[in-house]
Amino acid sequence: MIWPRMLIFRNLCFCLLLSVGLLAAQGLDPAKLLQPPTDTWPTYNGDYSGRRYSTLSQINAANVHDLTLAWVFNANSRALKSTPLEVNGILYFTVPNNVWAVDARTGRQIWKYTYEDKQGGDLIGNRGLGMYHNWLYFETPDAHLISLEAKDGTVRWNKQLGDPQLGYFATMAPLIVGEHVLVSVSGDVTDIPGYLESVDPETGDMQWRWNTEPSPGEPGSESWPRNSDAITHGGGMPWMTGTYDPELHLVYWGIGNPNPVMAGDVRQGDNLYTCSIVALNLDTGKLQWYFQPSPHDVHDWDAVQTPVLFDGTFDGKPRRLLAQGSRNGYFFVLDRATGEHLLTAPLISTNWASGIDQRGRPIAKLTKFPTPNGSLVSPGSDGATNWMAPSFDPQTNLFYVNARRMFSEFYLTEAGKAEGWAGRDRNLWSTSSIQALDYRDGKVRWSHSLGDGESVAGILTTAGGVLFTGDNSGNLLALNPETGNVLWHVNAGGNMVSSPSTFQLDGRQYLLTLVQGLMYAWVLPDSQ
Amino acid sequence: MPRNLYLRAAIGLLYGFLPIACLFGQGHRQPRPSPMANPFAEAGAKTFAQNCGFCHGNDATGSRGPDLVRSLAVNHDKDGDTIDPIVRNGRIDKGMPAFGAGTLSDQKLAEVVAFLHARTLEARRSAGVSSDYPLAKLLTGNAQEGKAYFDGAGGCARCHSVDGDLKGIASRYQPLELQQLFLYPGPTGAPTDRTAIITLPSGKTIEGKVVHLDEFSIAIRDSDGWYHSWNLKDVQIRLKDPLSAHRELLSKYTDDDVHNLFAYLETLK
């Protein structure tokens with residue numbers, strides 16, 4: 001009779017421990033990423049669709065002019081380019097080599113982790129973290145992937161993703177999908193191949209790797225010269241976070257530009273899968289389909305911009321759609337189940353293409369390739385848009401993108417067999433605007449100027465009928481997403497080089513805007 | 001007193017340079033010396049061409065043998081620790097002979113290592129166009145046609161004179177700077193030389209140089225040097241922007257126009 005009692009007691013203890021454990025846990029179930037972001041902002045883009053649209057509406061067009069500061073956090077750091085995760089009242093965000101956990105209610109620091117980069121990696125930026133249960137994932141300037149305990153920032157493990165001696169670095173916010181942590185490498189100057197990896201969340205062991213250039217002989221390799229090392233040194237860094245369709249079980253990723261960057265002669269052909277949007281099977285990393293916005297790029301116009309997923313009617317047929325506002329200045333709409341091309345339209349005026357080919361790809365004018373004496377091209381290498389987040393608002397059916405009309409003189413500087421960049425453009429004049437595009441016909445419904453210069457502010461839309469972004473004069477803006485008219489603005493003391501986000505906590509909707517090294521949390525006044 | 005003079009001279013120099021620096025923004029940088037401009041690496045280039053160039057190409061970008069600028073061994077090398085053993089022992093299985101001290105002295109080998117490091121550094125630094133970019137590469141246009149464009153279709157002569165503001169301009173700027181300067185003479189995004197006439201609700205007007213302008217407010221500095229600002233909803237403004245013609249030309253120029261105009265301006269020594 002003693003044994004059963006002991007068993008009951010042990011079982012009771014176990015249940016008690018389990019429930020205490022659950023109470024204490026501050027973690028994130030990957031299933032949360034399948035829901036619209038409301039009480040959490042659980043991944044770089046808020047959810048898998050990449051729409052950067054929130055269903056929250058407490059802050060709305062009627063009251064947005066009443067926004068007031070809840071708190072300001074001063075990171076005393078270089079510009080914040082990440083989008084903070086918000087999970088159970090805690091914000092997690094980064095700059096290169098640094099991770100913070102900050103109380104979302106008060107803006108007080110909980111912990112800070114600093115990575116010692118012994119190899120001197122590239123400090124250009126870091127987009128943020130991925131979170132799986134109680135663990136965080138962070139990429140470093142010297143191309144390592146680090147897993148941290150979310151409660152205190154202690155290191156669980158540290159894995160090398162790429163060889164910094166060859167020019168690899170890493171900036172991306174990892175994407176968690178089920179039992180996969182999707183990570184990638186960056187590169188810029190040196191002629192190294194790109195790849196995307198899926199690693200095990202618990203151990204960091206590789207599950208699969210997809211190389212952005214096919215192996216010689218594989219489909220796609222015919223788009224590179226034969227009898228040359230070009231294909232094995234062709235660049236193509238997938239340096240921005242992708243998106244995911246749980247029903248199709250496909251992940252979508254934008255791929256970077258080829259190397260040598262400005263010298264195409266040594267890599268004749270389309271150079272697949274650089275400057276492409278690709279659909280990969282989540283479990284195997286196998287390529288399902290691809291579309292290439294910029295075949296044989298020589299202007300640094302990668303196609304890493306978020307492949308945004310939404311459903312809609314196109315030519316009278318319901319479709320699962322994917323849209324990208326691409327760095328080359330064009331807006332692309334595809335069927336994301338099949339990769340079928342549906343629409344190509346300019347998102348802003350450019351001068352480098354003579355038309356659109358039958359497959360929907362802009363046709364590059366050879367006369368606008370970089371030359372030793374200079375070639376006047378619009379846009380410049382910084383692109384008609386870049387990594388700043390676009391947004392799709394299902395209430396207006398409009399796709400919003402921060403676009404730059406810009407001119408640059410492109411020089412090809414290298415003679416002989418080109419290596420690295422082999423040239424560069426020099427910026428002349430640029431001006432920026434938010435463009436509201438209708439995916440059904442590619443028409444720009446409205447355009448709101450952000451002023452001269454190159455804006456890198458991202459966009460958030462909400463069910464409250466508000467679009468949040470920033471201009472080139474340090475103003476944070478709330479616009480009417482139907483018209484582009486200003487609903488609210490404030491001079492935040494610097495330009496936003498990140499993308500706004502929102503979440504609800506204790507019944508209050510917070511809007512986060514990161515301006516240089518400052519994070520502002522906006523709410524409605526208590527009385528509302 | 002002499003100290004004061006030095007100070008004045010320094011300030012004078014500073015002010016003298018300031019407008020040029022402002023005009024060019026990021027462009028006006030002292031060019032970095034080429035990694036190859038180092039006697040050790042230069043000597044290494046010759047040794048490399050004599051001993052290694054037949055297989056690896058004289059510039060080390062590969063020929064029958066692999067490209068060494070992109071090579072793992074070269075990029076991981078520290079002072080010869082990975083390159084030296086490969087050169088001394090060869091890679092016989094891959095067809096590379098060994099180079100003993102009799103063929104290649106330690107000194108010569110060290111020079112080759114310096115050359116290979118300089119080559120990788122050159123590739124890593126190839127993401128820029130230095131301000132001392134050679135005139136010969138830029139000077140491909142026809143100066144006569146450039147003059148015709150300047151006086152005619154370009155409309156340049158409406159604001160500029162080759163005997164006035166542009167006199168001797170080619171002696172004042174390096175060629176690449178001159179090409180950038182005429183294409184767009186302002187740092188991108190800056191108010192530069194804009195002036196505004198503000199009409200106040202009273203009907204009074206006030207004119208000055210634009211200090212700030214966004215879609216909500218304007219600030220100017222008047223002729224006495226005083227700063228004023230208004231909310232745009234409270235005033236009417238008329239802008240005068242001497243750079244607007246430069247912006248309009250950017251979408252009209254052909255590349256031939258650009259190169260011809262450059263060839264013409266380059267004659268204004």
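This is a walk through selected parts of a predicted model, with chain A visited before chain B.

**Stop 1: the sheet β3 to β6 of chain A**

Select residues 85-87 and 109-114 of chain A, which are strands β3 and β6. They belong to an open sheet of four strands, ordered β3-β4-β5-β6 and paired antiparallel. β3 and β6 of chain A lie at the edges with a single partner strand each, so one side of each has no neighbour in the sheet. From one strand to the next, the twist averages 15°.

Now add residues 90-95 and 98-103 of chain A, strands β4 and β5. These two strands run antiparallel and are joined by six bridges. One pair to display is A:Ile90 with its bridge partner in β5(A), A:Asp103. On the other side, three bridges join β4(A) to β3(A), again antiparallel. A:Ile90 appears here too, as the bridge partner of A:Val87.

Is β4(A) mostly covered or mostly open? Five of its six residues are buried, so mostly covered by the cut-off of 20 or more other C-beta atoms within 10 Å.

Two turns are worth a look while this sheet is on screen. The hairpin of β3(A) and β4(A) has two residues between the strands, and A:Asn88 there takes a positive phi near 50°. The hairpin of β4(A) and β5(A) also has two residues between its strands. In that turn, A:Asn97 has a positive phi of about 75°.

**Stop 2: the sheet β7 to β10 of chain A**

Move on to residues 130-132 and 155-160 of chain A, strands β7 and β10. They are the edge strands, each pairing on one side only, of an open four-stranded sheet with the order β7-β8-β9-β10 and antiparallel pairing. The twist averages 20° from one strand to the next.

Select β9 (residues 144-149) of chain A together with β10(A): five bridges join these antiparallel strands. To find one of the pairs, show A:Leu148, whose bridge partner in β10(A) is A:Val155.

**Stop 3: A:Ala143**

Stay with this region and pick A:Ala143, in the loop between β8 (135-139) and β9 of chain A. Why does A:Ala143 count as buried? It has 27 other C-beta atoms within 10 Å, and the cut-off for a buried residue is 20 or more.

Which residues does A:Ala143 touch, leaving aside those up to four places away in sequence? Show A:Gly121, A:Gln160, A:Leu161, A:Gly162 and A:Pro164, then A:Tyr168, A:Phe169, A:Ala170 and A:Val185. For a distance to check in the viewer, pick the C-alpha atoms of A:Ala143 and A:Gly187: they are 9.6 Å apart, with 44 residues separating the two positions along the chain.

**Stop 4: the hairpin of β17 and β18 in chain A**

Select residues 277-281 (β17) and 287-291 (β18) of chain A, an antiparallel pair with four bridges. A:Leu280 stands opposite A:Leu287 of β18(A). Five residues lie between the strands of this hairpin, and A:Gly285 takes a positive phi near 75°.

**Stop 5: helices α8, α10 and α12 of chain B**

Switch to chain B and select α8, residues 143-151. Colour B:Gly146, B:Tyr149 and B:Phe150, which are buried. Viewed down the axis of α8(B), its buried residues fall within an arc of 100°, so they line one face of the helix. What do they pack against? The buried residues of α8(B) pack against α12 of chain B.

Next show α10 (residues 175-183) and α12 (residues 255-265) of chain B, whose axes come within 10 Å and cross at roughly 120°. The crossing of α10(B) past α12(B) is right-handed. On the α10(B) side, display B:Leu178, B:Gln179, B:Phe182 and B:Leu183. They meet B:Val258, B:Leu261, B:Phe262 and B:Leu265 of α12(B). The contact residues comprise seven nonpolar, one polar and no charged.

**Stop 6: where chain B touches chain A**

Finally, show both chains. Here 34 residues of chain B are in contact with 39 residues of chain A. Helices of chain B that each supply at least two residues to this side include α6 (106-124), α11 (244-250), α10 and α12. Sorted by type, the chain B side has 12 nonpolar, 13 polar and nine charged residues.

Methods:
Residues are numbered from 1 along each chain as its sequence is written. Chains are lettered from A and ligands numbered from 1 in the order in which they are written. This is a predicted model: local features need pLDDT of at least 70, side-chain atom pairs count only at pLDDT 80 or more; totals for chains, interfaces and linings use all residues. Axes are lines fitted to C-alpha atoms, for helices over the stretch in contact, and angles run from 0 to 180 degrees between N-to-C directions. A crossing is left-handed if the near helix is turned anticlockwise from the far one by less than a right angle, and right-handed if clockwise. Two residues are in contact if their C-beta atoms, placed from the backbone, lie within 7 Å. Ala, Val, Leu, Ile, Met, Phe, Trp, Tyr, Cys and Pro count as nonpolar, Asp, Glu, Lys and Arg as charged, and the others, Gly among them, as polar. Two strands pair if DSSP finds at least two bridges between them. A residue is buried if 20 or more other C-beta atoms lie within 10 Å of its own, exposed if 12 or fewer, and partly exposed in between; C-beta atoms are placed from the backbone. The arc is that of the directions from the helix axis to the C-beta atoms.
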